[in-house]
Amino acid sequence: MPMVPLQAALTGTYDYRLVALSVLIATLASYAALDLAGRITAAQGRVRVIWLMGGSAAMGLGIWAMHYVGMLAYSLPFSVFYDLPTVLLSLLAAMLASGVALFVVSRKTMGPFRSAVGGLFMGTGIAGMHYIGMEAMRLPAMCRYSPGLVVLSFLLAIAISLVALALTFHLRHETTATSWRKLASAALMGAAIPVMHYTGMSAVTFVPMASAGRPPHSLETSSLGLVVISCVTLMILGLTILTSLIDRRFSAQSLELHFSEQRFRQLVESAQVILWRGGINATRFSYINQEAEELLGYPIEQWINTPAFWIDHLHLDDRAIAESFLRAAVEKQDPQRFEHRMIAANGQVVWLRTSVCLVAGAGKVKELVGVMTDITERKRAQEAAEDANRAKSEFLASMSHEIRTPMNGVIGMTDLVLDTELSVEQRDYLNTVKMCAGSLLNVINDILDFS
């Protein structure tokens, strides 16, 4: 086999199907990054760390797989081996760069300085991953780099990283998985990332040199290895995106449930009634709203943590009535309504109208739910009206009695006068007086009977 001149540069060819595959992997990795940024931002504590680590691994694997598929797309006229430790080092560089990117975009704010530092680290990491991967090549040739194109590849990596960070930061709160802005951004980033890779590939020239055989710790790529790398990467990115979609849906449902619970709690707390939930004998409450503390003055903790708190603070004359209605609600399983008094924290007596009903609690345990409405003002008004009516009746009785006594005297004296010698005209006058006095006495008696 004739020797190739030492200074003759080798010319390789690209398999454009693999180039297209590398762009597809980069696009999926970009979409995964856009999706993961939102999940990391929404997560807290340990969950946030898990999302950040998992996202860094998935995104880094995607960028690394794009790089190696792009390298395998370039064919040289001899076998190429790859040093396994160096390959793993390039994968680690891709994951670290992805971790920096996801950490930066998941912060609450991303000013120019933080964006610049993040873009510098991410771009340097991606470019470093590329050239570390190039150094993993073991082949009978020497790599010569064009300094200008190498610098250009680094600048492109940093610029692309800045754009990717900006897009990811501004789209991290997109709630729709198929948002056109997210898809367009993923396509843009997916097309831009390979630009850096293929610029770096164009910066190297392969010059043949003598080979010492297959080096240790090296692997030879094959069609099967390419398929495995591509399939595993696509599967991991797909699972990452699917997991993010499922988590987004569950998070949206959880958030909606939280808002619904918050609205319900606000509605309950704003109601001008006391709402409680407790055991079937009402000796211990499991819930009571804030209105109880505002109306009666006892802290919520006492209502819940003190056994028989409600029974103990009922008016002594109303405890038996309240307990009988509670038993009726449990035994008859029908709502019960009754009025009773409670002693407030300041010693005042508060009138309440309570409605109780039996419900099924957690684990099918029966519980009582009660609604207590303050009717103190109504009771006071009712008592005032009864007092006024009583005073009116007493006044009418006294007045009618005082008037009836002299009227009886008038009628009696008229009868005595009519028994004497009178003229016809005088007798007519006295009969008229007696008739009017009798009518007036009937009216007075009716008033007395009414009072």
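Start by selecting helix α11, residues 319-332. Helix α11 lies across β10, β11 and β12. Against β10, helix α11 runs at about 150 degrees. Keep in mind that this is a predicted model.

Next, select helix α12, residues 376-418. Helix α12 also lies across β10, β11 and β12. Its angle to β11 is about 130 degrees.

Now hide the helices and look at the strands. Here 5 strands form an open sheet. Trace the order: β9-β8-β12-β11-β10. The pairing is antiparallel. Pick out the edge strands, β9 (285-288) and β10 (336-343). Each of these edge strands pairs on one side only. Look along the sheet to see the turn: neighbouring strands are rotated by 25 degrees against each other on average, direction ignored. Strands of a sheet pair through backbone hydrogen bonds.

Zoom in on one pair. Select β11 (residues 349-360) and β12 (residues 366-374). They pair in the antiparallel sense over 9 bridges. Which residue in β12 is the bridge partner of Cys357? Select Val369 to see that partner.

Leave the sheet and go to helix α7, residues 223-270. Select Ile246, which lies in this helix. Is Ile246 buried, partly exposed or exposed? Its relative accessibility is 41%, so Ile246 counts as partly exposed; the partly exposed range runs between 20% and 50%.

For the last stop, add Met235, Leu239 and Leu242 to Ile246. Show the surface. Together these four residues make a nonpolar surface patch of about 380 Å².

Technical notes:
Residues are numbered from 1 along each chain as its sequence is written. This is a predicted model: local features need pLDDT of at least 70, side-chain atom pairs count only at pLDDT 80 or more; totals for chains, interfaces and linings use all residues. Side-chain values use heavy atoms; hydrogens and water are left out. Patches are made of residues with over 30% relative accessible area and no salt bridge: like charges are joined within 9 Å, nonpolar side chains (Val, Leu, Ile, Met, Phe, Trp, Tyr) within 5 Å. Accessible areas come from the Shrake-Rupley method with a 1.4 Å probe; for residues, only the protein chains shown count as cover. A salt bridge is a side-chain nitrogen of Lys or Arg within 4 Å of a carboxyl oxygen of Asp or Glu. Helices (H or I, at least four residues) and strands (E, at least two) are DSSP runs, numbered from the N terminus. Buried means under 20% relative accessible area, exposed over 50%, partly exposed in between (1.4 Å probe, protein chains only). Two strands pair if DSSP finds at least two bridges between them. Axes are lines fitted to C-alpha atoms, for helices over the stretch in contact, and angles run from 0 to 180 degrees between N-to-C directions. Contact means heavy atoms within 4.5 Å.
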